[in-house]
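Visitor: I would like to understand the reasoning behind the words used for this model. Could you take me through it step by step?

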Amino acid sequence: MEDVMERLELTGEEAAVLRELLERRLTEVDVEVSHTDAHDFKALLKQRREIIESILRKVTALPMAA
């Protein structure tokens, strides 16, 4: 599948809010993983967590506006 979005430009404030949202979602996904017994759903959640972590690493690398 071809990458649809190659670049996303955010202000420092937008990047900070996005980081906060991603960090919160990681916590939520961890809770969901620990509470599910369904193997397929747990695998899906773990894959989702990896994607969120990847996005978070990219957003964290952005410079913060003063």
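**Two helices, side by side**

Guide: Please keep in mind that this is a predicted model. A good place to begin is that the buried residues of α2 pack against α1 (12–35).

Visitor: What makes Leu45, Ile52, Leu56 and Val59 count as buried in α2?

Guide: A residue is called buried when its relative accessible area is under 20%, and in α2 the residues Leu45, Ile52, Leu56 and Val59 are in that class. They cover an arc of only 55° around the axis, which puts them on the same side of α2. On the other side of α2, His39, Asp40, Glu50, Arg57 and Lys58 are exposed, a word kept for values over 50%.

Visitor: Why are α1 and α2 called roughly antiparallel to each other?

Guide: Their axes come within 9 Å and cross at roughly 160°. Because angles over 145 degrees count as roughly antiparallel, α1 and α2 are therefore given that name. The crossing in which α1 passes α2 is left-handed.

Visitor: How do you know that the span of α1 agrees with what is expected for its 24 residues?

Guide: At 1.5 Å a residue, α1 should span 34 Å, and its end C-alpha atoms are 35 Å apart, so the two values agree. Helix α2, with 22 residues, reaches 31 Å from its first C-alpha to its last, close to the expected 32 Å.

Visitor: Which residues of α1 are buried, and what do they pack against?

Guide: Gly12, Ala15, Arg19, Leu22, Leu26, Val29 and Val33 are buried in α1, and the buried residues of α1 pack against α2.

Note on methods:
Residues numbered from 1 in each chain as written. Predicted model: local features only at pLDDT ≥ 70, side-chain atom pairs only at ≥ 80, totals over all residues. Heavy atoms only, no water. Helix = DSSP H or I, 4+ residues; strand = E, 2+ residues; numbered from the N terminus. Expected span 1.5 Å × (residues − 1). Buried < 20%, exposed > 50% of the residue type's maximum accessible area, 1.4 Å probe, protein only. Arc of directions from axis to C-beta. Contact = heavy atoms within 4.5 Å. Axes fitted to C-alpha atoms, helices over the stretch in contact; angles between N-to-C directions. Parallel < 35°, antiparallel > 145°, perpendicular 65-115°, else oblique. Left-handed = near helix turned anticlockwise from the far one by under 90°.
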